[in-house]
Amino acid sequence: MPKTLSASNMVTPGSPGPPPTESMDSKQVEKPLLDGAPSSASLDTLIQHLVPTADYYPEKAYIFTFLLSSRLFIEPQELLAQVCHLCIEQQQLDKPVLDKAQVRKFGPKLLQLLAEWTETFPRDFQEESTIRHVKDVVGRIASCDEAYRRRMHQLLQALHQKLEALGQGPDSLLGADKPLSYKTKPSASIHRELLGVCCDPYMLAQQLTHVELARLRYIGPEEFVQAFVNKDPLASIKPCFNDKPKNLEAYVKWFNRLCYLVATEICMPSKKKRRAQVIEFFVDVARECFNIGNFNSLMAIVSEAATDHSPGQGVAAGVGLPSRESEWQLGPLQLGPPSSSQPVFRLKKTWAKVKTAKFFILEHQMDPTGNFCNYRTALRGAAHRSLTAHSSREKIVIPFFSLLIKDIYFLNEGCANCLPNGHINFEKFLELAKQVGEFITWKQVECPFEQDPSITQYLYTAPIFSEDGLYLASYESESPENHTEKERWKSLRSSILGKT
């Protein structure tokens with residue numbers, strides 16, 4: 001029997017339940033979780049629970065949970081068609097004369113459902129057929145009140161604007177220049193270092209937060225479902241989409257780029273004193289990111305600038321340099337660069353000049369021990385601060401994204417989508433929606449910091465070392481110390497420089 005998750009803390013009172021229909025499961029009705037929604041049920045039952053009536057409207061938590069998870073079993077376009085059909089059938093909207101009193105009770109609820117759907121999952125309405133369904137069902141009730149038609153036009157206009165903005169995609173943030181990859185150290189006259197663009201740690205932390213929130217805005221909640229579709233042997237219906245979670249993947253690539261950018265900035269200077277200054281600067285930036293609530297940028301920096309630089313030790317061993325690559329290769333996503341940290345770790349002479357005392361708090365907070373227990377405590381604190389915020393700056397919560405993805409991945413892998421009786425395991429999807437819904441709330445926060453285009457452009461487009469380039473730069477800065485390093489250096493010199 002698949003594992004069952006507790007969702008008792010999500011039970012809240014709601015409006016009267018939907019009228020029973022023949023599609024309701026009479027033989028196996030589980031303990032209600034949300035407003036009469038069963039912990040498991042057939043797809044038809046769950047669809048019926050989504051449909052509003054004159055006297056019933058589903059809870060907001062149910063709407064989000066079902067719309068998020070239903071795409072595993074039915075295409076969003078087909079779901080909308082069924083919902084509209086049930087509305088027309090149950091409210092008798094196909095009759096030549098409508099019950100105006102009944103329609104005036106039902107109409108606002110229908111429009112509210114459509115508003116929530118288009119606002120939260122706008123990509124479900126990209127096909128023209130979905131717009132036709134909306135216009136058809138609303139057109140049937142508009143004869144009772146023209147305000148319904150006006151509200152529909154407002155709703156569709158907002159949807160069009162949202163889709164237009166989302167259609168640009170995160171790549172539009174990069175500008176015309178594409179980031180280059182260094183294989184060897186360029187001359188000082190060619191390369192600009194980050195400290196020459198921004199030497200204020202707080203300012204850089206603000207600009208990193210700007211970049212994070214700008215990229216997060218493109219990620220739709222449905223992408224978390226698309227990312228980890230497993231082939232559930234108990235599922236009678238297969239997932240109903242082929243699209244890749246491209247915005248989610250783009251955000252993971254941004255994290256990887258930031259890791260490599262930090263490592264590049266550290267390995268680039270020829271003098272160890274300058275390299276030590278760069279490390280200390282990034283540690284100050286990381287502290288400011290922590291104070292802001294930007295844990296994703298914080299972790300990208302800490303994965304490169306950690307005090308314990310021995311292989312397999314310290315914070316970065318749990319982030320940028322996992323002991324097994326498979327731990328971070330989840331589904332289609334590569335979470336974290338495979339080895340951007342090691343070239344920095346080995347710079348012992350550089351680390352000897354770094355003031356390590358300021359690292360201790362960060363190392364404690366980002367310690368991977370106990371499944372990042374300390375980080376999770378700090379995240380809960382930031383989330384509570386966001387809920388009680390008195391200013392926009394206090395609302396910022398940007399989670400360590402790779403860990404969030406891992407949590408969702410293991411939730412998905414640990415619980416079956418369908419039970420042996422063929423019912424959908426709705427309790428599992430309540431827990432999934434809880435995690436995704438919290439993230440969606442955080443990503444909608446408007447960045448309170450003024451953007452500095454020169455800094456963000458550098459973050460997006462500054463050339464970075466390739467993985468081999470990082471190692472070569474590290475060996476050029478501090479000579480190889482053991483046989484393994486010497487052999488690797490010899491191989492890199494031969495392949496990249498053509499030297500033996």
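Contacts between residues 24 or more positions apart make up 78% of the chain's contacts with a separation of 6 or more. That is the picture in a predicted model, built from 22 helices and six strands. The chain runs to 500 residues, and 54% of them count as buried. Its accessible surface comes to about 22,800 Å², with carbon and sulfur atoms taking 51% of that.

On the inside, the largest nonpolar core holds 139 residues. Helix H10, residues 246-267, puts in 13 residues, the most of any contributor to this core. In soluble globular proteins, nonpolar side chains tend to be buried together. The residues with the most contacts inside the core are Phe66, Val83, Leu204, Leu208, Phe224 and Phe401. Take leucine 204 from that list: setting aside residues up to four places away in sequence, leucine 204 touches Leu194, Cys198, Phe281, Phe282, Val285, Ile455 and Leu459.

Alanine 286 gives another view of the interior. This alanine belongs to helix H11, which spans residues 272-292, and its relative accessibility is 1%, so it counts as buried. With residues up to four places away left out, the partners of alanine 286 are Leu298, Ile301, Val302 and Leu362. Alanine 300 is 14 residues from alanine 286 along the chain, and the two C-alpha atoms are separated by 8.9 Å.

Buried positions are not just a matter for nonpolar side chains, as glutamate 222 shows: at 5% relative accessibility, this glutamate counts as buried. Glutamate 222 sits in helix H9, residues 222-227. Apart from neighbours within four places in sequence, its contacts are Leu68, Arg71, Phe121 and Arg123.

Next come the aromatic rings. A pair of aromatic rings is described by the distance of the centres and the angle of the planes. The count for this model comes to 18 aromatic pairs. In one of them, tryptophan 117 and phenylalanine 125 have ring centres 5.7 Å apart and planes at 80°, so the pair is edge-to-face. Tryptophan 117 and phenylalanine 125 are both buried. Tyrosine 375 and phenylalanine 400 are edge-to-face as well, because their planes are at 85°, with the ring centres 6.2 Å apart. Tyrosine 375 lies in helix H17 and phenylalanine 400 in the loop between H17 and helix H18 (401-414), so this pair ties together parts that are 25 residues apart in sequence. Both ends are tucked away: tyrosine 375 is buried with a relative accessible area of 2%, and phenylalanine 400 is buried at 0%. The pair also belongs to a wider group, since ring pairs link Phe255, Phe290, Phe295, Phe372, Tyr375 and Phe400 into a cluster.

Rings take part in charge placements too. Arginine 488 has its charged end over the ring of tyrosine 471, 3.6 Å from the ring centre. Arginine 493 does likewise with tryptophan 489, its charged end sitting over the ring at 5.0 Å from the centre.

On the cysteine side, the structure holds zero disulfides. Cysteine 199 is a case in point: the nearest cysteine sulfur, on cysteine 198, is 6.4 Å away, and cysteine 199 is in no disulfide. With a disulfide cut-off of 2.5 Å between sulfur atoms, that separation of 6.4 Å explains why this cysteine goes unpaired. Burial varies among the cysteines: cysteine 199 is exposed at 60% relative accessibility, whereas cysteine 267 is buried at 1%.

Lastly, a couple of backbone oddities. Glutamine 92 has a phi near 55°, a positive value in a residue other than glycine. This glutamine is in the loop between helix H3 (76-90) and helix H4 (100-120), and counts as partly exposed at 46% relative accessibility. Asparagine 371, again not a glycine, has a positive phi of about 55°. Here the setting is a helix, namely H17, residues 369-387. With a relative accessible area of 47%, asparagine 371 is partly exposed.

Definitions and conventions: Residues numbered from 1 in each chain as written. Predicted model: local features only at pLDDT ≥ 70, side-chain atom pairs only at ≥ 80, totals over all residues. Heavy atoms only, no water. Helix = DSSP H or I, 4+ residues; strand = E, 2+ residues; numbered from the N terminus. Buried < 20%, exposed > 50% of the residue type's maximum accessible area, 1.4 Å probe, protein only. Contact = heavy atoms within 4.5 Å. Areas by Shrake-Rupley, 256 points an atom, 1.4 Å probe, with all protein chains shown as cover. Core = buried A, V, L, I, M, F, W, Y, C linked by side-chain atoms within 4.5 Å. Phe/Tyr/Trp six-rings, centres within 6.5 Å; stacked < 30°, edge-to-face > 60°. Lys NZ or Arg CZ within 6 Å of the ring centre and 35° of its normal.
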